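Let's walk through this model together, one piece at a time. Keep the viewer open and follow along as we go.

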Amino acid sequence: MLTCLANQGANVSGPILQVALPSPLRRLFDYRAPGGAHAKDLRPGQRIRVPFGQRQMVGVIASLSDASDVPPARLKRAVELIDLEPLLPETLWQLCCWTASYYQHGLGDTLSCALPTLLRQGEPAIARQDRLWQLLPGAYPEHPAISRAAKQKQAVQLLAKHPHGLSHALTAQWGLSRDTLEALEKKGLVQRISQSHHHTNEPLPLLREPRLTPNSQQVAALDAIKAQSGFTAWLLDGVTGSGKTEIYLQAIEHCLGEGRQVLVLIPEIGLTPQTLERFQRRFSVPVVILHSGLNDRERLDAWVAARDGEAGIVIGTRSAIFTPLARPGLIIVDEEHDLSFKQQEGLRYNARDLAVYRAYLEKTPIILGSATPSLESLYNVRRGRYQHLRLTERAGNAKPPTFQCIDIRSRKLEAGLCRPMIEAIGEHLSKGNQVLVFINRRGFAPTLMCHDCGWMAECTRCDARMTVHQSPPRLHCHHCDSQRPVDTECPKCQSTELRSIGAGTERTEEHLVSCFPEFPVLRIDRESMSRKKAMQDMLARIQTGQPCLLVGTQMLAKGHHFPDVTLVAILDADGGLFSSDFRGPERMAQMITQVAGRAGRAEKPGQVLIQTHMAEHQLLIDLTEHGYATIAQNELNGREKAGLPPCSFIALLRAEANNAAIANEFLESACELAEQLCVDLALEKVDLLGPVASPMERRAGRYRAQLLVQAPHRSALHQLLHHWLISLESHSLGRKVRWSIDVDPLDMF
């Protein structure tokens, strides 16, 4: 559990506030109550402003005590109480406390991650108010006071059609000026009222458009979901294009019909526009979104609308798991396998796992959906913790795509494409279809090499090569984000024979433009989609159905519906076959299955072509002939035999420093300390592996090393971590290294 100042020592008149401040320290800070505050007014969960060093900070009251270890003379008084009531509902407060405990993180920093920026700064937890113009009783178009004022008469006629009021933005669309409305206000005919940004006055029919007719498998899944009440975890395991979203929509309809709210988590911002559009098209209830692309005001407005129950549906990326709901009824996690749900910096939580625990606290069902479920979720099904719902057929008349591996050994490649692949692309385009070309490398080329001496352009701050980009021309390290101009001569031998080696999305795009000049080539990667609404505009262009080529990275593989794509071309499928990470085969199978699922989702049949140097590899054979389910079960069986997650539990202690020896010395000392704690606590079968250098030892100019802790039981792991991290926080080398703990890590780098 969290450490804090002991509740013993000198007594102080009035309650002692134990405050969680936005700090990574796993402790609370003691303060006197602010002047004029009574004990009955103070409760855990309220924000409070306190002095901290030479500045003031906004914290959250975690608990109240009668005593403190801090001498009375040194105990500072809080400045002001910000909230009259606790900011978070009880279940969400419990979730934050559990998150801090499970992920071994400070409660103050955990709460900071859970709250919108403006709330962390002490702003009131209220939404922006819309100013509406509304007719007063007795106002009518033929009123004597406006008999000769045409514009004022027009305004009264318009407002009469909207008795609950219209915003100035809407009245302006009808050509009405503020002067006209203010003149009516002076005559006592209209008034200005305030209303929440997301509030709706008039009850509307729940559905804007009729639901689709589900097939037999969808009906069975929906009947099972609706038949259960309270907490149940459902794994919706459906092949790509099987209609998982329609099940979400009809389950949401059932929930909204009971007067409850729904929280939908999606992995990427890029999926937000199409998800929002589809939900708004189906339902008339207010829908709000929460993701990092919003400004602070927009995020707080959405947060308050969800908390106050004005928003029926809340859609967000991983941080939205902390959004309060007035009437929680259902949680949905789409693409539950996606690594984006795991936070990789600071509080390293997994939003999918927190969603399951939140559903348990809220006593609501949760649906985890994916065409390629994570082995963690499949293991929970095997253990009876989750209920398994399978969709093995595509919705409507769509058929699964056919797979074919192209052996590219000894074949000439042009910008990463072999001749049979180029011919297949041309064939599909000539029939008026769209083609998706998947290459999981950004930039023009993976590296720049000297043809004479073999020198390669490397990052000066990382153990990695620089990627060549063409628009604008530069060398870019995708690990530390450093950039520099493209070299014109070799720094080793001064040769000017420098060549871009390999292919990235930019080079593939350039080559496809030259091969198929009559068809537009649309590149979708992190660089091309950096502009606001760029992804939304690109998807709208694709949805027109005009024949085109889509070239992109994993951004294209996640949940998009492209009904006119008939060919998916995967240029390099070999990356995960020999990965040093035990999760490599699982991730490779998920990636290929997901991107392949973009083909043939409507009436037109789909084809998937995979370029590989390893066409005879058993993983590729199983995947193309038997599908992801076979790969997943084989991998899960292997993990059980090897005692690897999810069949065991791990935590990764990472350390980085300007000197590799210091990072290793810290981890060596930490390892000795952990070994002694295992003896003292009688913890058996807890293994410590390392310390070892990280797979990329140097990143952003700092040297990195790691120590892996593995245990067959979760309780043993957390018992060790609790005592271990308390000691590490006061370790003599702790100030010389930057260290962190990652519980249930998904990335071993």
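A disulfide here means a pair of cysteine sulfur atoms within 2.5 Å. By that rule, the count for this protein comes to zero. Cys477 is a good place to see how the rule plays out: the nearest cysteine sulfur belongs to Cys459 and sits 3.8 Å away, and Cys477 is in no disulfide. Since the cut-off is 2.5 Å, that pair doesn't qualify. Is Cys477 buried or exposed? Its relative accessibility is 0%, so Cys477 counts as buried. Cys647 is buried too, with a relative accessible area of 16%; the limit for that label is under 20%.

Before going further, keep in mind that this is a predicted model. The mean pLDDT of the protein is 86, and 92% of its residues reach 70 or more. Take some care with residues 1-10, though: pLDDT stays under 50 there, even as the model gives that stretch 34 contacts beyond four places in sequence.

Now turn to the sheet built from six strands. In what order do the strands of this open sheet run? Reading across, you get S16-S28-S27-S19-S26-S25, and the pairing is parallel. The edges are held by strand S16 (402-407) and strand S25 (521-524), each of which pairs on one side only. Direction ignored, neighbouring strands of this sheet are turned by 20° against each other on average. As background, strands of a sheet pair through backbone hydrogen bonds, either parallel or antiparallel.

Zoom in on one of those pairings. Strand S19 (residues 434-438) runs parallel to strand S26 (residues 549-552), and four bridges join them. If you want a specific spot to click on, take Val437, whose bridge partner in S26 is Val551.

Helices pack on this sheet as well. Helix H16 (residues 584-596) touches S16, S19, S27 and S28, and its direction makes about 155° with that of S27. Helix H13 (residues 419-430) lies across S16, S19, S26, strand S27 (565-570) and strand S28 (607-612), and H13 runs at about 165° to S27.

While you're in this part of the model, look for Ser410, which has its place in the loop between S16 and strand S17 (413-414). Ser410 is exposed, with a relative accessible area of 85%. How many residues apart in sequence are Ser410 and His613? They are 203 residues apart along the chain, yet their C-alpha atoms are 9.3 Å apart in space.

There's also an open sheet of three strands, ordered S21-S22-S23, and here the pairing is antiparallel. Strand S21 (467-470) and strand S23 (483-484) stand at the edges with a single partner strand each, so one side of each has no neighbour in the sheet. Strand S22 (residues 473-476) is joined to S23 by two bridges, and these two strands run antiparallel. One residue to check is His476, whose bridge partner in S23 is Gln483.

Next, move to strand S10 (residues 261-265). S10 is mostly covered: five of its five residues are buried. Gln261, Leu263 and Leu265 point one way from the strand, while Val262 and Val264 point the other way, and all are buried. S10 runs parallel to strand S13 (residues 328-334), with five bridges joining the two, and Leu265 has Val333 of S13 as its bridge partner. S10 is also joined to strand S12 (residues 313-316), again in parallel, by four bridges. In that pairing, Leu263 has Val314 of S12 as its partner.

His291 is worth a look too. You'll find His291 in the loop between strand S11 (287-290) and helix H10 (296-307). At 8% relative accessibility, His291 counts as buried. What does His291 touch, leaving out residues up to four places away in sequence? The list is Ile269, Thr272, Arg299 and Thr317.

Finish with a pair of helices. Two packed helices are described by the angle between their axes and the distance between the axes. For helix H7 (residues 216-227) and helix H8 (residues 244-257), the axes come within 10 Å and cross at roughly 35°. The crossing is right-handed. On the H7 side, the contact is made by Gln218, Ala221, Leu222, Ile225 and Lys226, and on the H8 side by Glu246, Ile247, Gln250, Ala251 and His254.

Conventions
Residues are numbered from 1 along each chain as its sequence is written. This is a predicted model: local features need pLDDT of at least 70, side-chain atom pairs count only at pLDDT 80 or more; totals for chains, interfaces and linings use all residues. Side-chain values use heavy atoms; hydrogens and water are left out. Two strands pair if DSSP finds at least two bridges between them. Axes are lines fitted to C-alpha atoms, for helices over the stretch in contact, and angles run from 0 to 180 degrees between N-to-C directions. Contact means heavy atoms within 4.5 Å. pLDDT is the predictor's confidence in each residue, from 0 to 100. Buried means under 20% relative accessible area, exposed over 50%, partly exposed in between (1.4 Å probe, protein chains only). A crossing is left-handed if the near helix is turned anticlockwise from the far one by less than a right angle, and right-handed if clockwise.
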